Amino acid sequence: MRFPGLRTAHALIAPLVAVPLALGAFAPHVNAQAPTPSPTGTFGPDCSELPRSGAGSVAAMAEQKVADAAAGSRQLAQLASALKKARLDDTLNRSDNITLFAPTNHAFNSLSEAQRDSLLNDPEQLKKVLAYHVVDADVTPSELPNGSFKTLEGSQLTTSGSGTSFKVNNTADIVCGNITTANATLYLIDGLLTPPD
């Protein structure tokens, strides 16, 4: 049995189907990876441990010089004590537009007791190690994915990662980053960095 209108319908429908199929070749690939945007504001898993207000909060640190901000933070108590012992606290407070990759208490506690005592009782070595955590520039999150920065100690440190997950020297994780103080940017890290020999 023949349907006379069927051939005509096929002739009309075929081009309508072919056009979207042909255009599909020019459609953007859905699975293409877009670059991950840099974080804005503070980021990292340990930021939730910062108090919402008062001493050690992001708002309080924004009003303080960097060494004073560290002194007011429970997470940075050992760093604040070490900065004072190395006589770097005033130096950092007098500096402008610096970045401190700040080792947390966890970073200091990850050293053995003998290592920690040796470091804290050697003022010159302590000053060298802590100065290696300071960059004389404002490091923004957009620079972290593939960064290399000269430190106050004189050597380079590197950053790598993406999204909100970054490492310093491929060893220490940034656990809370992009905290603004009155004169610096703070990135809290979970390891103590060692300057190259």
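In this predicted model, Asp-89 is buried, with a relative accessible area of 16%. Its side chain nevertheless has a charged partner: Asp-89 and Lys-84 meet in a salt bridge, with an N to O distance of 3.9 Å. The cut-off for such a contact is 4 Å, and the pair is counted on that basis. Lys-84 is exposed, at 57% relative accessible area, so this salt bridge links a buried acidic residue to an exposed lysine.

The structure holds two salt bridges. The other one is formed by the side chains of Asp-173 and Lys-167, which meet at 2.9 Å, again taken from N to O. Here both partners fall in the intermediate class of accessibility: Asp-173 is partly exposed, with a relative accessible area of 28%, and Lys-167 counts as partly exposed at 30%.

Attention now turns to the strands that carry this second pair. Lys-167 falls within strand 5, residues 165–168, and Asp-173 within strand 6, residues 172–180. These two strands run antiparallel and are joined by two bridges. Within the pairing, Val-168 stands opposite Ala-172 of strand 6. Strands 5 and 6 form a hairpin with three residues between the strands, and in this hairpin Asn-169 takes a positive phi near 55°.

On its other side, strand 6 is joined to strand 7 (residues 184–189) by four bridges, and this pairing is antiparallel as well. Ile-179 of strand 6 stands opposite Leu-186 of strand 7. The connection between these strands is also a hairpin, with three residues between them. How enclosed is strand 6 by the rest of the structure? Seven of its nine residues are buried, so strand 6 is largely enclosed.

One residue of strand 6 deserves a separate look. Asn-178 lies in this strand and has a phi near 65°, a positive value in a residue other than glycine. With a relative accessibility of 18%, Asn-178 counts as buried, because the cut-off for that class is under 20%.

A further asparagine with positive phi is found outside the strands. Phi of Asn-97 is near 50°, and this residue sits in the loop that runs between helix 5 (89–94) and strand 1 (98–103). Whereas Asn-178 is buried, Asn-97 is exposed, with a relative accessible area of 55%. Helix 5 also brings the account back to its starting point, as the range of this helix includes Asp-89, the buried partner of the salt bridge with Lys-84.

The hairpins belong to a wider arrangement. The sheet is open and has seven strands, in the order 2-1-7-6-5-4-3, with mixed pairing. At its edges are strand 2 (134–135) and strand 3 (146–150), each of which pairs on one side only. In this order, strand 6 has strand 7 on one side and strand 5 on the other. Strands of a sheet pair through backbone hydrogen bonds, in either the parallel or the antiparallel sense.

Towards the strand 3 edge, strand 3 pairs with strand 4 (residues 156–162) over five bridges, in the antiparallel sense. Gly-147 stands opposite Thr-159 of strand 4 in this part of the sheet.

Notes. Residues are numbered from 1 along each chain as its sequence is written. This is a predicted model: local features need pLDDT of at least 70, side-chain atom pairs count only at pLDDT 80 or more; totals for chains, interfaces and linings use all residues. Side-chain values use heavy atoms; hydrogens and water are left out. Buried means under 20% relative accessible area, exposed over 50%, partly exposed in between (1.4 Å probe, protein chains only). Two strands pair if DSSP finds at least two bridges between them.
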